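Here are some notes to read alongside the model, written as numbered points. I hope they help when you look through it yourself.

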Amino acid sequence: MQAFVLRVAPSEIDRVPEALEFNQIIIGWANADGLLDKALDWVGFREIVRATYYRDDKTLHRAGAAAGHLWRFIREMEAGDLVVVPYGSEFYLAEVAGEAIYLQGKQSEDSAYRRPVKWLNTKQPIPRSYAKSALISRMKIQGTSALATDLLDEIRDCLDIATSGASPSFHSDLQASLITQALNELQKGRIDSFGFENLIKNLLQSLGAKEARVVPRSQDKGADVVATFLVAETFPLVVAVQAKHWQPEPPVDRQVIDQLVSGMEAESADLGMVITTGAFSDDAVRAANECLESVGRKIELVDGQQFA
């Protein structure tokens, strides 16, 4: 069994109520007709997407990203797999029931590609608070979909809690309480922006960074903290972080993403992170997603609750 996270919002339009009504999950890029042809290899599949949506792009970044989501939806999902559908402060859980279909009449609504599903928990949403931090983090995907097979146990645990009518466990209650306390200290405690940057540096080191440093303000080109991880103890991977010690309002907006891109270029970073004690605007989330699709730069957004 596999598991996936899927945002059911093609063209940024909420299609979750429709998906629930018709027992389907839905993805966009509907004008790229012909993707159900099983004879297509990856290159041919991607070419249809490129020719339909990204013909004028000089690179394959956006075409590859879009085709990747569609390939996952059409080719990788199988009957019996679980799909987590984030929806505000809640999420729905579905079991894939059959192969992908294409509804010609839904092309103009950008919702032609669909899959039949069985909605679990009697089509009732599950509070995100029932989930552990790893699943909560995965549900914050910037793009349309993500693989979540490594979180199958966490997904099943959420479903068990929801269907049994039982309250979350002592462990989850304790974790939620500690997160609330930590976030309160981050936002209102004895820590300033300098302390926040050093806290991020120390956290990255505890997560396995071989090197981590706070960039002096006089040398700041858009990255506040830079850390180097070694993949397989061989390949260096540089992470550039923009730190925003903000209150929940106003949310971090898209100009911070632009600043970080400059910082990534200056530091030759492979990955970027914006970490805040506050929250992110929808525009910032879109900007991070556009950055991945347009220039192939992966930027992770970590809000105050997730950081806590």
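1. Which residues have the most contacts inside the largest nonpolar core? This is a predicted model, and in it they are Ile25, Phe73 and Trp119, within a core of 36 residues. Several elements supply at least two core residues each: strands E1 (3–6), E2 (24–27), E3 (82–87), E4 (90–96) and E6 (113–119), together with helices H1 (16–22), H2 (42–53) and H3 (61–76). If you want one element to start from, H3 gives the most to this core, with seven residues.

2. Now to the annotated part of the chain. An unreviewed UniProt entry carries the annotation "domain: Restriction endonuclease type IV Mrr" over residues 191–308. Please keep in mind that such annotations may be inferred rather than shown by experiment. In the model, residues 191–308 are 38% helix and 27% strand, and the C-alpha atoms at the two ends of this stretch are 14 Å apart.

3. You may like to look at the second largest pocket, which has a volume of about 360 Å³. Its lining has 16 residues, and the closest to the pocket centre are Leu204, Leu207, Met273, Glu300 and Val302. By class, the lining comprises eleven nonpolar, three polar and two charged residues.

4. Where does that lining come from? Helix H7 (193–206), strand E11 (235–244), strand E12 (271–276), strand E13 (298–302) and helix H10 (304–307) each supply at least two residues to the second largest pocket. E12 gives the most to this lining, with four residues.

5. How many cavities of 30 Å³ or more does a search of the whole structure find? The search finds one, and the largest cavity holds about 30 Å³ of space. Val215, Gln219, Asp220, Lys221, Gly222, Ala223, Gly263, Ala266 and Glu267 line it. Sorted by class, the lining of this largest cavity divides into three nonpolar, three polar and three charged residues.

6. One pair of residues is worth a look with the cavity still on screen. Ala223, one of the residues lining the largest cavity, is 38 residues from Val261 in sequence, while the two C-alpha atoms are 8.6 Å apart in space. Val261 lies in helix H8. Is Val261 buried or exposed? Val261 has 17% relative accessibility, so it counts as buried, the cut-off being under 20%.

7. If you check backbone torsions, two residues other than glycine deserve a glance. Ala232 has a positive phi, near 55°, and sits in the loop between strand E10 (225–231) and E11. Ser268 also has a positive phi, of about 50°, and lies in the loop between helix H8 (255–267) and E12. Ala232 counts as exposed because its relative accessibility is 61%, and Ser268 is exposed too, with a relative accessible area of 57%; the cut-off for exposed is over 50%.

8. Last, the cysteines. How many disulfides are counted? The rule asks for a pair of cysteine sulfur atoms within 2.5 Å, and by this rule the count comes to zero. Cys158 has 0% relative accessibility and therefore counts as buried. Cys291, at 7% relative accessibility, counts as buried as well.

Conventions. Residues numbered from 1 in each chain as written. Predicted model: local features only at pLDDT ≥ 70, side-chain atom pairs only at ≥ 80, totals over all residues. Heavy atoms only, no water. Buried < 20%, exposed > 50% of the residue type's maximum accessible area, 1.4 Å probe, protein only. 1 Å grid on protein atoms, 1.4 Å probe; cavity = no way out; pocket = protein on both sides within 12 Å on 5 of 7 lines; lining within 4 Å. Points joined across faces, edges and corners; volume = space filled by probe spheres on them. Nonpolar A, V, L, I, M, F, W, Y, C, P; charged D, E, K, R; others polar. Core = buried A, V, L, I, M, F, W, Y, C linked by side-chain atoms within 4.5 Å.
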